[in-house]
Amino acid sequence: QVATNNGQLNQPIIRGWLQKRSRHMKQWRKRWVVLEEFAIYTFKTDTNQISQATEIIDLHTAIYIKPLNDIEPNHSTKMPSDLSHCFEIYCTNVTFIFNAETKKEMNLWIKYIERQLFKTYLDTN
């Protein structure tokens with residue numbers, strides 16, 4: 001259901017640089033994040049080439065998104081200096097945590113992802 005053109009995402013709703021906490025090592029990594037209609041793609045570079053995605057989050061598995069006020073810092077050298085703009089996407093089997101540079105940017109991502117979660121809900125019911 002993703003609109004593609006030669007293996008590229010071509011209808012991003014929002015895209016930009018966020019920091020993403022890795023699921024296994026709990027390290028923070030800078031990622032280019034692209035929100036499409038029913039999925040979120042993360043990349044190491046600012047590309048829309050699907051084959052280069054480091055992660056694809058299927059929004060059909062997402063239950064909710066919310067800002068995080070009390071994230072536990074770890075001792076990784078890649079940890080962001082400011083964790084006050086974190087938000088989580090809670091899915092059926094995993095939780096994804098992102099950090100934006102500003103509160104305004106965090107709220108924008110949450111708003112657009114919430115809209116897509118609602119559309120995903122309508123799509124499956």
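**Exercise 1.** In this predicted model, the side chains of Lys20 and Glu55 meet in a salt bridge with an N to O distance of 3.0 Å. Determine which strands the pair ties together, and whether Lys20 and Glu55 are buried or exposed.

*Solution.*
Step 1. Locate the partners: Lys20 belongs to strand S3, residues 14-21, and Glu55 to strand S6, residues 55-58.
Step 2. Consider the sequence: the two parts are 35 residues apart, so the salt bridge ties together segments separated along the chain.
Step 3. Assess the accessibility of Lys20: its relative accessible area is 8%, and buried means under 20%, so Lys20 is buried.
Step 4. Apply this cut-off to Glu55: with a relative accessible area of 15%, Glu55 is likewise buried.

**Exercise 2.** Identify what Glu55 forms with Arg23, and state which residues are linked in a network of salt bridges.

*Solution.*
Step 1. Examine the contact: the closest N and O atoms of Glu55 and Arg23 are 2.7 Å apart, and the two residues form a salt bridge.
Step 2. Place the pair in the chain: Glu55 is in strand S6, whereas Arg23 is in the loop between S3 and strand S4 (28-35), and the pair links parts 32 residues apart.
Step 3. Classify Arg23: its relative accessibility is 36%, and this residue counts as partly exposed.
Step 4. Combine the contacts: Glu55 pairs with Lys20 and with Arg23, and Lys20, Arg23 and Glu55 are thus linked in a network of salt bridges.

**Exercise 3.** State how many salt bridges a search of the whole structure finds, and characterise the one in which Glu88 and Lys66 meet.

*Solution.*
Step 1. Take the total: the search of the whole structure yields three salt bridges.
Step 2. Check the distance: the side chains of Glu88 and Lys66 meet at 3.8 Å, N to O, and the criterion is within 4 Å.
Step 3. Locate the residues: Glu88 is in strand S8 (residues 86-91) and Lys66 in strand S7 (residues 62-68), distant parts of the chain that are 22 residues apart.
Step 4. Classify each partner: Glu88 counts as buried at 10% relative accessibility, while Lys66 counts as partly exposed at 36%.

**Exercise 4.** Describe the phi angle of Lys26 and where this residue lies.

*Solution.*
Step 1. Read the backbone angle: phi of Lys26 is near 60 degrees, a positive value in a residue other than glycine.
Step 2. Locate the residue: Lys26 lies in the loop between S3 and S4.
Step 3. Add the accessibility: Lys26 has a relative accessible area of 37% and is partly exposed.

Methods:
Residues numbered from 1 in each chain as written. Predicted model: local features only at pLDDT ≥ 70, side-chain atom pairs only at ≥ 80, totals over all residues. Heavy atoms only, no water. Helix = DSSP H or I, 4+ residues; strand = E, 2+ residues; numbered from the N terminus. Buried < 20%, exposed > 50% of the residue type's maximum accessible area, 1.4 Å probe, protein only.
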